[in-house]
Amino acid sequence: MVGAFEQAILALMIFVIMLGMGASLTPRDFYLALRRPYGLAIGVIAQYGFMPLIGFLLATLLNVPPAIAIGILIMSCMPGGTTSNIFTYFSKGNLALSVLMTVTSTVTGVIMIPIVLLVYATALDLEIPRENIIATLVLLLVPVAIGMVLRKISANVGAVTEFFGSALALFFILFLIVSWIPRNWQFLLETSAATYFASIALGVFGITIGYIFARALRLHPRNARTVALETGIQNGPLAIAIIVFTFSGAEQQAVTAVPVLYSLFIVIVATLVTLAFRRANTAAEQKMPDSLL
């Protein structure tokens, strides 16, 4: 399903994406986040509270096979993706908050993802090799740290690295379309409607619940949009990488189905949401707040 060459390309893509994420940060960003942790705490709660619960409910209510259920759980437990930063920008959200939420959910994911997976996998009586997942997550912190060092050495190099990291996240989806889908076309034709529904619903429900949650807490509309997009747009490439390096054979193909389909459909969903946000009445909105709340 995923050959040695594609695994190498996938690893390189993930490295550059995480490198770009790190290059978007400075130590001062973490200092500011710690001084105003309210917005980030909301993001972490939405990311590792709501999304895994949504994945668990979908896996339970749709009564999908165990391998598909594992794919749903892994996808729902992923941190925010760099793609969310792009959609936040075009939806007139708070880009600084978006970037910080993405990195925060990635860093805390080293601890939170295995814990949340253990809880929900146990509830569904599923076996997930958590050791491989933990090792992959720890290794992914290395390019984030390197990216921060590059940003520290040269702001220009950091900016270029950040741009390529974000662009590569979208290119990854094109890579899936060109390489993975044609070779697994028969598998996709045989994939159940429940699997397609779960792949689309993860993003739709995540964005909707994230927005409602943020607005209920009376966040500024732009920050509410940011929380919504950060909640619903998960790191699909990371989920696929974890599955490729953890599973093999037919099981790998089945588990990968949801992250691949999610990565394809989330672009469509996020585009429609972004258009809706841009058309929202901004006359009553205050100017962009200085804080991250």
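This passage describes a pocket, a surface patch and selected helix residues in a predicted model.

The second largest pocket holds about 170 Å³ of space. Its lining consists of Leu-10, Ala-11, Ile-14, Phe-15, Thr-136, Leu-139, Leu-140, Pro-143, Ala-241 and Phe-245. Two elements each give two or more residues to this lining: helix H1 (4-23) and helix H7 (130-153). By class, 9 of the lining residues are nonpolar and 1 is polar. No charged residue lines the second largest pocket.

Nonpolar side chains also appear at the surface. Phe-197, Ile-200, Val-204, Phe-205 and Ile-209 make a nonpolar surface patch of about 370 Å². One of these residues, Ile-200, sits in helix H10, which spans residues 193-216. The relative accessibility of Ile-200 is 31%. Ile-200 therefore counts as partly exposed, since the partly exposed class runs between the buried limit of under 20% and the exposed limit of over 50%.

Ala-41 belongs to helix H3, residues 37-61. Ala-41 is likewise classed as partly exposed, because its relative accessibility is 36%. In sequence, Ala-41 and Ser-105 are 64 residues apart. In space, the C-alpha atoms of Ala-41 and Ser-105 are 9.8 Å apart.

Helix H5 covers residues 83-90. Its buried residues are Thr-83, Ser-84, Asn-85, Phe-87 and Thr-88. Just after H5, the backbone at Lys-92 takes a positive phi of about 65°.

Terms used: Residues are numbered from 1 along each chain as its sequence is written. This is a predicted model: local features need pLDDT of at least 70, side-chain atom pairs count only at pLDDT 80 or more; totals for chains, interfaces and linings use all residues. Side-chain values use heavy atoms; hydrogens and water are left out. Patches are made of residues with over 30% relative accessible area and no salt bridge: like charges are joined within 9 Å, nonpolar side chains (Val, Leu, Ile, Met, Phe, Trp, Tyr) within 5 Å. Accessible areas come from the Shrake-Rupley method with a 1.4 Å probe; for residues, only the protein chains shown count as cover. A salt bridge is a side-chain nitrogen of Lys or Arg within 4 Å of a carboxyl oxygen of Asp or Glu. Helices (H or I, at least four residues) and strands (E, at least two) are DSSP runs, numbered from the N terminus. Buried means under 20% relative accessible area, exposed over 50%, partly exposed in between (1.4 Å probe, protein chains only). On a 1 Å grid over the protein atoms alone, a cavity is a set of points where a 1.4 Å probe fits but cannot get out, and a pocket is an open set with protein on both sides within 12 Å along at least five of seven lines; lining residues have an atom within 4 Å of a point. Grid points are joined across faces, edges and corners, and a volume is the space filled by probe spheres set on the points. Ala, Val, Leu, Ile, Met, Phe, Trp, Tyr, Cys and Pro count as nonpolar, Asp, Glu, Lys and Arg as charged, and the others, Gly among them, as polar.
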